[in-house]
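Welcome! Please take a moment to look over the sequence and the 3D structure before reading on.

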Amino acid sequence: MTPSIRTTLLCALGALLALPSWARSPPLTALWQDTWVSTRPAAVPDMPDAGPEAPAAVIFSNFGRPPDGFAPEGWTIMGRGSDLGLYQAFATQFTPRSAATVGDILIGVGIISGLNAVKVSLNADDGGSPGTALAEVRLNDLEDYLWCCKPRRTGIQGIALTAGRPYWVVVRPLTLVSTTKAAWAWSGRYKLGRTAMNHGSYWAPETNYQGSLKVLAQ
């Protein structure tokens, strides 16, 4: 499918669902309410690859290299109190190749409107979906998503990871009815992998664009 045909189809779908022009179904999902946002055609500023850490300290990363550390599109993170009236949380899976202890987790997340805060958690795997939260933090004062984003350190650390076992990083609103509307930017590589979406009741795993994520070791 050519870019012009793809663009035309996405615009028609957005009009049919009476959603804003930036809130459309992502191309790899069948759930219309799974929304994503885009800052195109705004220029994406050069983003430094996060951190001076040595490559050996990286447990997992889907970050792109500058100037494409993050894509100008991202998954919408929102509560039912936002202007779309929907709840949406998103999770990205990663699997460490060797045993390690988490030193920090970095993501590319920005605010669009509403309460400027989200929750980020590191979760165990439960049969292919996010399971028990091993650590959880609240991130306040997110950057404006229009120019998303510098890598945001979550401060999650001290969690021992087992080699070959999948884990999840989850980004969600603080509550089901939060007014937050934020976005978790996709990797600049447009990395495909295991992801999961939650609209308030259960996790729906699939293969899709991953949220930008770097997991560092201690």
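Here is a short briefing on a sheet and on two loop residues.

Keep in mind as you explore that this is a predicted model. The sheet is an open one of six strands, and the two loop residues, Asp 141 and Tyr 190, have positive phi values although neither is a glycine.

**The sheet**
- If you walk across the sheet, you meet its strands in the order 8-7-12-4-14-15, and the pairing is antiparallel.
- The edges are formed by strand 8 and strand 15 (203-209), each of which pairs on one side only.
- On average, neighbouring strands of this sheet are turned by 25° against each other, with direction ignored.

**A closer look at strands 14 and 15**
- Seven bridges link strand 14 to strand 15, and the two pair in the antiparallel sense.
- To see a bridge for yourself, find Met 197, whose partner in strand 15 is Ala 204.

**Asp 141**
- Asp 141 sits in the loop that runs between strand 8 (129-140) and strand 9 (143-144).
- Its phi is near 55°, a positive value in a residue that is not glycine.
- Asp 141 has a relative accessible area of 66%, which is over 50%, so Asp 141 counts as exposed.

**Tyr 190**
- Look for Tyr 190 in the loop between strand 13 (181-187) and strand 14 (192-198).
- Tyr 190 also has a positive phi, near 50°, and is a residue other than glycine.
- With a relative accessible area of 29%, between the cut-offs of 20% and 50%, Tyr 190 is therefore partly exposed.

Note on methods
Residues numbered from 1 in each chain as written. Predicted model: local features only at pLDDT ≥ 70, side-chain atom pairs only at ≥ 80, totals over all residues. Heavy atoms only, no water. Helix = DSSP H or I, 4+ residues; strand = E, 2+ residues; numbered from the N terminus. Buried < 20%, exposed > 50% of the residue type's maximum accessible area, 1.4 Å probe, protein only. Pairing = 2+ DSSP bridges. Axes fitted to C-alpha atoms, helices over the stretch in contact; angles between N-to-C directions.
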